Amino acid sequence: MKVVLHGEHSFLEEVEVRSGQKVQECHQCSKCSGGCPFSGVMDYSPNSILEMIVYGMKDQVLPSKSIQMCIQCGTCGAQCPAGFELYEVMNALRAMAKEEGYTSSETKIPKMNKIFLGEVRNSGRMHEVGLIVKNMLSQGELARDVAALIPIGPPMFLNGIMGFGDILPRKIHGQAAVAKIFDNVQKMRGGQG
Amino acid sequence: MMKTGYFPGCSLHSTAKNYESSTREVLKALDVQLEEIPDWNCCGSTPAHQVDHLLALALPARNLAQAEKAGMKEVMAPCAACFNHLRTAEIECAENQFTAKKVQQAIEMNYNNTVHVLNILELLVDRIGIDKVAAKVKKPLKGLKIAPYYGCMLTRPAKITQFDHPTNPVSMDKLLTALGAEVVAWDSKTDCCGAAYVLTRPEVVIELSGRIVYQAKEVGADAIATACPMCMSNLDLRQGAMAKATGKKTQVPVMYITELIGMAFGIPNSVLGIRKHVISTAPVTAKIS
């Protein structure tokens with residue numbers, strides 16, 4: 001079924017242009033949702049997101065958990081009979097949600113992303129110990145996360161997976177150049193963080 | 001002597017030191033010289049692409065520009081995620097001049113798209129060749145049943161990776177066969193382990209990674225082979241949590257493909273770093289003499 005939407009610039013049109021994917025050609029076979037490792041914890045399954053775009057349900061799609069949860073594993077795209085890459089749609093939706101100031105009901109993943117990128121900005125590389133500790137303190141599940149570390153922390157040290165040298169971050173020489181990339185991208189986005 | 005650019009990535013310098021040491025040792029044995037990208041930075045990984053597409057291209061592009069400056073034509077990234085993100089920058093800048101211009105503006109460096117990004121399997125199978133790998137085998141992995149695990153990032157999205165088959169890849173299978181191992185057929189080859197969501201949605205990752213580990217056990221694998229530090233960490237470190245969640249005890253060793261190749265080449269376990277796992281690899285090493 002082809003839906004004709006009125007208005008100068010429909011949500012559907014914008015998603016199609018930004019993602020390069022013909023969302024309207026989705027057959028609604030749901031293979032994407034069957035394959036998606038995270039559809040079980042999304043608020044709308046991937047095929048539903050596509051249908052909602054066609055119906056112009058912008059205010060439901062852009063704040064959804066689903067668009068924040070896509071990890072770009074590409075499982076959906078590899079199975080799609082219409083041959084499109086759903087992750088491109090999810091990337092476009094995430095960017096639109098950010099530009100238009102929608103807040104997501106998914107908060108854990110964006111928090112972790114912020115900490116991860118903060119580590120990269122501050123030292124030029126990702127510091128695993130710093131990421132794990134800061135993330136643990138921010139997620140609000142400290143007891144659970146510490147309990148999960150208790151059985152794996154000691155063997156990681158004993159078996160040499162981690163050593164004392166991994167505790168502190170090390171800056172690369174070009175750290176300032178990497179921090180500048182973050183600033184430049186922000187400026188090019190018109191000041192949006 | 002073959003020379004190639006090298007991008008270790010953050011994990012290979014911390015929790016995946018054995019992936020780095022085994023990669024270096026195996027390539028040295030194959031007469032390949034690795035030249036590390038000067039002062040490389042983090043590829044941005046999943047967080048960068050989830051937060052900002054331009055940032056997700058610019059962070060890896062700085063590395064490619066650094067490689068270009070050092071005169072490299074090819075760069076090999078053993079980490080599947082680093083490979084995927086570096087390759088995304090390469091392909092998207094090559095396909096779209098406007099993107100390439102914005103990326104250069106963001107990194108404030110010249111980047112002319114002259115560096116090609118490879119993953120470790122590609123280097124071993126397509127550049128060096130299975131025959132040359134097979135010729136170096138001194139201790140065949142006879143009697144070892146290995147489940148080759150590719151995960152997501154080596155083969156998908158296909159338009160980016162342009163490597164092997166998106167859901168039924170065979171490069172690692174071929175390598176393992178050349179080493180004398182028995183490759184087990186299984187369904188979890190390219191399933192997602194849940195990756196970095198282990199830090200935000202551990203219960204989901206325990207379930208996804210658990211399915212992979214339990215299936216390997218079911219098909220009788222002695223070990224799972226991987227080429228990704230994130231997959232390694234989820235599959236190796238979380239088996240205790242999987243057992244707690246399901247009530248089924250599990251002890252399936254997970255090894256980097258380069259550790260298995262190194263073993264078959266007769267490189268000492270201590271040099272390869274084979275003890276650096278939570279699930280003991282002793283049952284695997286005991287079978288090889």
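Reading chain A from the N terminus, you meet the elements α-α-α-α-α-α-α-α-α-α-α-α. In numbers, that is twelve helices and zero strands in chain A. Keep in mind as you look around that this is a predicted model.

**Chain A as a whole**

How far does the C-alpha trace of chain A span along its principal axes? The answer is about 60 × 40 × 30 Å. Chain A has 193 residues, and 37% of them count as buried. You can also ask which parts of the sequence meet each other. Take the contacts in chain A between residues at least 6 apart in sequence: 63% of these join residues at least 24 apart.

**The sheet of chain B**

Now turn to chain B, where you can find an open sheet of four strands. Its strands lie in the order 2-1-3-4, and their pairing is parallel. Strand 2 and strand 4 of chain B are the edge strands, since each pairs on one side only. From one strand to the next, the twist averages 40 degrees.

Here are the strands with their residues, so that you can find them in the structure:

| Strand of chain B | Residues |
|---|---|
| Strand 1 | 2-6 |
| Strand 2 | 32-36 |
| Strand 3 | 74-77 |
| Strand 4 | 116-119 |

Let us zoom in on one pair. Strand 1 and strand 2 of chain B run parallel and are joined by five bridges. If you look at M2(B), you will see that V32(B) of strand 2 stands opposite. A helix joins the picture too: helix 6 of chain B, residues 120-135, packs on the sheet. Helix 6 touches strand 1, strand 2, strand 3 and strand 4 of chain B, and its direction makes about 100 degrees with that of strand 4.

**Two domains in chain B**

Chain B is divided into domain 1, covering 2-119, and domain 2, covering 137-285. Taken over C-alpha atoms, the centres of these two domains of chain B are 24 Å apart. How many residues of each domain are in contact with the other? In domain 1 of chain B there are 24, and they meet 26 residues of domain 2.

On the domain 1 side, the elements giving two or more residues are helix 1 (17-29) and helix 4 (80-95) of chain B. Helix 1 of chain B provides the largest share of that side, with nine residues. Sorted by class, the side of domain 1 of chain B that touches domain 2 has eleven nonpolar, ten polar and three charged residues.

Technical notes:
Residues are numbered from 1 along each chain as its sequence is written. Chains are lettered from A and ligands numbered from 1 in the order in which they are written. This is a predicted model: local features need pLDDT of at least 70, side-chain atom pairs count only at pLDDT 80 or more; totals for chains, interfaces and linings use all residues. Domain bounds come from an automatic or database domain assignment. Two residues are in contact if their C-beta atoms, placed from the backbone, lie within 7 Å. Ala, Val, Leu, Ile, Met, Phe, Trp, Tyr, Cys and Pro count as nonpolar, Asp, Glu, Lys and Arg as charged, and the others, Gly among them, as polar. A residue is buried if 20 or more other C-beta atoms lie within 10 Å of its own, exposed if 12 or fewer, and partly exposed in between; C-beta atoms are placed from the backbone. Two strands pair if DSSP finds at least two bridges between them. Axes are lines fitted to C-alpha atoms, for helices over the stretch in contact, and angles run from 0 to 180 degrees between N-to-C directions.
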